[in-house]
Amino acid sequence: MDATPELDPDLLDKVVNLAKRRGFVFQSAEIYGGFRSTYDYGPLGVNMLRNVKNAWWRSMVQTRHDIVGLDAAIMGPSAVWAASGHLETFTDPLVDCLVCKERWREDKIDGVCPNCGSTNFTSPRAFNLMFKTQAGPVEGEGSTAYLRPETAQGIFTNFANVLSTTRKKPPFGIAQIGKSFRNEITPQNFVFRTREFEQMEMEYFVRPDSADEWYRYWIDARFNWYLDLGIPEALLRKHEHAKEDLSHYSKGTTDVEFLYPWGWDELEGVANRGDYDLSQHSKFSGVALDYFDQAANERYTPYVIEPAAGATRALLAFLLAAYHEDEVEGETRTVLRLDWRLAPYQVAVLPLSKKPELEGVSTEVLNSLQPHFMCDYDVTQSIGKRYRRQDEVGTPYCVTIDFETLNDRAVTVRDRDTTTQVRVPIADLTHHFWNLSTS
Ligand code: GAP
C-alpha cells in the first residue's frame, strides 16, 4: 500500500499567497518590479525565521555540552575556496538552447528545452556558482573575494582557534547559522532554492574509526528534530545518495527529504566529509589542523560529520506542513497548525471592545505577557474575524478581555487547534502558558 499522503495540488500557491498577504515573505525590491528569486521576510516571517533558527541553536548548542557556536565572516579570500575545492568543482554544467537561446542546467532538462522543445544545444560548459567580488579599491588577484556558498568553511578555518580556546576534544562540534550565496541557474519554488539563503550547519569532529557511528547518529537526530517540531512522519523520509552522486568532499551523504507539493526533495543533508576539509586547509595554509590525543599518545586528523540544513528552506517546509483548511461552526477556516515554538506570535491579546474601560486592563495583560512571549495585539473587527486572522498565521492562543474581566480579573483563553475556551485568572496567565508550552 502506498503510504504517501495525497497533497492539495494548489498547496504551494495557497502558502505563497498567505505568506505575502499576511506579511511572512515579500518579493524583494517589489516596487521596482521585483528582484528575481530574492525574498524579504516581513513582520511575521522574520519572527518565524528567528524561531526556526532559535530552535536549531537550542537543540544543537544550548542543550549540549559537546557543541559550541561560531559566527564567521560571509566574505572570504580566494585561498579559502581554492583549498575547499569550490573554485574548481562548485560548478553546474550549462547549455544554451540554439533555437530560443534560453540557458539551462544540462542535468535538469532531459535533453529537451523546457521552453521550446528543441534538442539542439551548445556543448556544456562549467559555470561556477560562487558570487565573485572585490575587496578594496584595487582590482587584481590579491583583492578577489567570494561570498561564501556554504557556512561550513568558516568553521574549518577556525578549527584550531576553537580547539585552543575551548579545550574541546573529539567528539565535539562547531555550529553556525548564517547567510550563504549561490548563483543558482534555476532558482525555483518560492524560497526553496534562492540565490541568497540562510543555512544552519554543524561540523562534528570525530575519531576516524567512529565516523560511521556518528554519521548514523546525526541522520536520526536531525530527522527527529523536524518530527519534534511538528512535521508529520508521512511527509519526511531519509534518502541515501548513490556513490556516483556524492559531492567532491563526501564519503557518504543522506538527505532528510520532505514531501513538497512538487514531490520528494531535499530539506537537509547529512554528510560524512572524512578528513577532506581539515587536510585541504592544512595543506594550503601550512597550519597543522589535527588533534593530539594525549591519553592514546596519538595524533590524527578528525573526520567530520556535517548536518547541513537550510533555515529558509525549513521555514517553507514548516509552513507547508502546517497549512490546513478545516471547518469551524459551519465555516471553512485556514489554520496554520504551527508548533508553539515556531509560530510568529505565541499569544494574541484581543480586547472584546474598543471601549476605553477595557483599555487599561488589556494593556496590563499585554505588558505581563510580552516579556515572556511574542504577542500580537488587535482591537479591530469582530472577535470571530480576529480569531480567524490569528488562526491563519498560526497563533496558538488568543486571550480575550471582556467586560466581565473588570469584575473577576480573569480572561478567556482560546486554543487555535481545538477552538475550546477556558477562563484563566490574569494573575495565573503567564504560568498557564508556560505550562502549556512545556506539556
Ligand atoms: N555544507 C554543505 C552544504 O552546503 P548543501 O546540501 O549544498 O550542503 C545544505 O546545502 C542545505 O542548505 C540544503 O539541504 C538546503 O536546505 C540549503 N540550501 C542549499 N542551497 C540552497 C538554495 N539555493 N536556496 C535555499 N536553501 C539552500
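**The ligand and its surroundings**

An oxygen atom of the ligand is placed 2.8 Å from a polar backbone atom of L267, a polar contact being a pair of N or O atoms within 3.5 Å. This is a predicted model, in which local features need pLDDT of at least 70 and side-chain atom pairs count only at pLDDT 80 or more, while totals for chains, interfaces and linings use all residues. Residues are numbered from 1 along each chain as its sequence is written, and side-chain values use heavy atoms, with hydrogens and water left out.

Two side chains also approach the ligand through polar atoms: one such atom of E266 lies 2.5 Å from an oxygen atom of the ligand, and one of E201 lies 2.4 Å from a nitrogen atom of the ligand. On its own the ligand has 550 Å² of accessible area, of which the protein covers 91%, as computed by the Shrake-Rupley method with a 1.4 Å probe.

Around the ligand there are 21 residues, the closest being E150, R182, T194, E201 and E266; a residue belongs to this shell if one of its heavy atoms lies within 4 Å of the ligand. The elements that give two or more residues to the shell are β11 (196-206), β14 (263-274) and β17 (303-310), where strands are DSSP runs (E, at least two residues) numbered from the N terminus. The largest share, five residues, comes from β14.

Turning to another strand, T144 is found in β9, which spans residues 144-147. T144 has a relative accessible area of 14% and is therefore buried, a term that means under 20%. Beyond its neighbours within four places in sequence, T144 is in contact (heavy atoms within 4.5 Å) with P77, S78, K132 and T133.

Key:
Helix = DSSP H or I, 4+ residues; strand = E, 2+ residues; numbered from the N terminus. Buried < 20%, exposed > 50% of the residue type's maximum accessible area, 1.4 Å probe, protein only. Polar contact = N/O pair within 3.5 Å; in protein donor to acceptor, adjacent residues only side chain to side chain.
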